[in-house]
Amino acid sequence: MVRSCLIVVLVAGCGASQPDRPDQHGREIDTGRSSLVVDRTTGIVADGTDAVRATVSIVDRDGGPFAGCAVTLYATGSGNVIVPLDPTDATGRTTTTMTSTSAETKSMTARVSCDVSTLTLGPLEVTFVAPMV
């Protein structure tokens, strides 16, 4: 599945863009400790096989995990292939990979939906470089 999107997000860093909100069970998502992280930000080869690994972690105000949250990862630029994410697991985490065939800096964001709460994590910049000839 190829996804190329341009997302304009008014967020600094990799925290969430919404204030803490309770879900339908009365728990509050801790937007300050929930996160989108990548295993590397530079030197990813734009060859369609070298991948950056992205992990989304969702926790509540007490530090407990939020399981079952739906997560969608978006990236700017072209030539991107993002493996769809499973819902967050019992630890509140889900992980995916993204490859690209286009050497450029991309901005990654994650859209998270937990019960009735939604939030956006990111953006994070990752740089894909041209393959060696």
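What share of the contacts in the protein chain with a separation of 6 or more is accounted for by residues 24 or more positions apart? In the predicted model examined here, such residues account for 62% of these contacts.

The secondary structure of the protein chain consists of eight strands and zero helices. Along the sequence, the elements accordingly follow one another in the pattern β-β-β-β-β-β-β-β. The chain comprises 133 residues, of which 39% count as buried. Its accessible surface was computed as about 6,700 Å², and carbon and sulfur atoms contribute 54% of that surface.

The surroundings of one residue, lysine 106, were then examined. Lysine 106 is located in strand β7, which spans residues 105-114. Because its relative accessibility is 1%, lysine 106 counts as buried; the cut-off for this class is a relative accessible area under 20%.

Two polar contacts involve the side chain of lysine 106 and the side chains of other residues. In one of them, the partner is the side chain of asparagine 80, at 2.7 Å. In the other, the side chain of serine 100 takes part, at 3.1 Å.

Both partners also appear among the residues that lysine 106 touches when those up to four places away in sequence are not counted. In the order of the sequence, this set begins with Thr76, Gly77, Ser78 and Asn80. It continues with Met98 and Ser100, and it ends with Leu124, Glu125, Val126 and Phe128. Lysine 106 is thus a buried residue of strand β7, with polar side-chain contacts to asparagine 80 and serine 100.

How values were computed. Residues numbered from 1 in each chain as written. Predicted model: local features only at pLDDT ≥ 70, side-chain atom pairs only at ≥ 80, totals over all residues. Heavy atoms only, no water. Helix = DSSP H or I, 4+ residues; strand = E, 2+ residues; numbered from the N terminus. Buried < 20%, exposed > 50% of the residue type's maximum accessible area, 1.4 Å probe, protein only. Contact = heavy atoms within 4.5 Å. Areas by Shrake-Rupley, 256 points an atom, 1.4 Å probe, with all protein chains shown as cover. Polar contact = N/O pair within 3.5 Å; in protein donor to acceptor, adjacent residues only side chain to side chain.
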